[in-house]
Amino acid sequence: MKLIINENIAKLGIKNVVVGIAKNVDPSAKLSDAFLQKQKEMEAWALQCDLEELSKHPVIQGYIDLLQRVGRSIKKNPPTVLALIRNIRHRGSMPHINSVIDIYNVESLKSLLAIGGHDLDKVTDPIEFTVNQEEGTFLPILSTEKHVSPTDYVYRDGKGIMAWLDVRDGENYKFDDNTRNAIFIMQGNANTSVKMRLEALRRIEHDLAECMPNMEFETLICGE
């Protein structure tokens, strides 16, 4: 998998990208008891944490800074973890979608990192991380088309935008019941180290392996 970081996005502080590739996954696999306990603990945390204080955490603040630098509203486009927590509070519980998504949602809560998750077999090599540089459109998961401005940062393959502003993933690349190979992408921000993101990937790998014994995992690092 070839990864390209454009100079224009590096200037925003996204100078390296960490990627995990998981092959032979099973979205319908039964989650381990250990993971379900961890999921329950993270759900309880999400339901009672102080969002105002959490917004000041360096990792979250890094995502806020990025959005502000490109002139996007934090209220309309909150960083991924804040949006996930609000969804959990609205529902009263963690969303349960499939085993792959449940695992990386829990890791997002634990690490506070925005994690893009996509069906690898729907992705066309290479993936470019860039500022869009022109007007465009993007189709988020379970939504309608969004306008993309020239200053928005995205990552894309040869067919279109896979993720927009690190807050929404694309409908055309989403996991489904037939997904067998997955790619997890962590662009991070100026406040997230490669080490931090690799540790998050190792936890995802561990949780996947517990319930998917035939799964194979590899990590890639692109950039400085």
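These are my notebook entries on a predicted model.

**Entry 1: the sheet**

I began with the strands. Four of them form an open sheet, and I read their order as β3-β10-β2-β11 with antiparallel pairing. The edges are β3, residues 116–119, and β11, residues 216–223, each of which pairs on one side only. From one strand to the next I noted an average twist of 20°.

I then looked at one strand pair in detail. Strand β2, residues 16–23, runs antiparallel to β11, and eight bridges join the two. I picked Ala22 and looked up its bridge partner in β11, which is Phe217.

Next I asked which helix packs on the sheet. It is α7, residues 194–211, and it touches β2, β10 (181–186) and β11. The direction of α7 makes about 10° with that of β2.

**Entry 2: the nonpolar cores**

I looked up the largest nonpolar core and found 44 residues in it. Phe184, Ile204 and Leu208 have the most contacts inside this core. I listed the elements that each supply at least two of its residues: β2, α2, α3 (51–54), α4 (58–69), α5 (80–91), α6 (99–111), β10 and α7.

I followed Leu208 further. Setting aside neighbours within four places in sequence, I found Leu208 in contact with Ala22, Val100, Ile103, Phe184, Met215 and Phe217. Two of these names were already on my page, as Ala22 and Phe217 are the bridge partners noted above.

There is also a second, separate core, with 31 residues. Among them I wrote down Ile14, Val17, Tyr173 and Cys222.

**Entry 3: backbone oddities**

I checked the backbone for a cis peptide bond and noted one between Asp125 and Pro126, with omega about 0°. Pro126 sits in the loop between β3 and β4, the latter being residues 127–131.

I also noted positive phi values in residues other than glycine. Asn24 has a phi near 65°. Its loop runs between β2 and α2, where α2 covers residues 33–48. Leu165 has a positive phi of about 55° and is not a glycine either. I placed Leu165 in the loop between β8 (161–164) and β9 (168–169).

Are these two residues buried or exposed? Asn24 has 40% relative accessibility, so I entered it as partly exposed. Leu165 has a relative accessible area of 1%, so I entered it as buried.

**Entry 4: cavity and pocket**

I turned to empty space. Rolling a probe the size of a water molecule over the atoms shows where such space is left. How many cavities of 30 Å³ or more are there? I counted one.

The largest cavity holds about 30 Å³ of space. I copied out its lining: Tyr63, Leu67, Pro79, Thr80, Ala114, Tyr153, Leu165, Asp166 and Val167. Leu165, which I had entered as buried, is thus on this list too.

For the largest pocket I wrote down about 920 Å³ of space. It is lined by 27 residues, and those closest to its centre are Asn105, Ile141, Val167, Arg168 and Asp169. Val167 is also in my list for the lining of the largest cavity. Which elements each supply at least two residues of the pocket lining? I found α5, α6, β3 and β9. Of these, β3 is an edge strand of the sheet in my first entry, and α5 and α6 each supply at least two residues of the largest core.

Conventions:
Residues are numbered from 1 along each chain as its sequence is written. This is a predicted model: local features need pLDDT of at least 70, side-chain atom pairs count only at pLDDT 80 or more; totals for chains, interfaces and linings use all residues. Side-chain values use heavy atoms; hydrogens and water are left out. Two strands pair if DSSP finds at least two bridges between them. Helices (H or I, at least four residues) and strands (E, at least two) are DSSP runs, numbered from the N terminus. Axes are lines fitted to C-alpha atoms, for helices over the stretch in contact, and angles run from 0 to 180 degrees between N-to-C directions. Contact means heavy atoms within 4.5 Å. Buried means under 20% relative accessible area, exposed over 50%, partly exposed in between (1.4 Å probe, protein chains only). A nonpolar core is a set of buried Ala, Val, Leu, Ile, Met, Phe, Trp, Tyr and Cys residues joined through side-chain atoms within 4.5 Å. On a 1 Å grid over the protein atoms alone, a cavity is a set of points where a 1.4 Å probe fits but cannot get out, and a pocket is an open set with protein on both sides within 12 Å along at least five of seven lines; lining residues have an atom within 4 Å of a point. Grid points are joined across faces, edges and corners, and a volume is the space filled by probe spheres set on the points.
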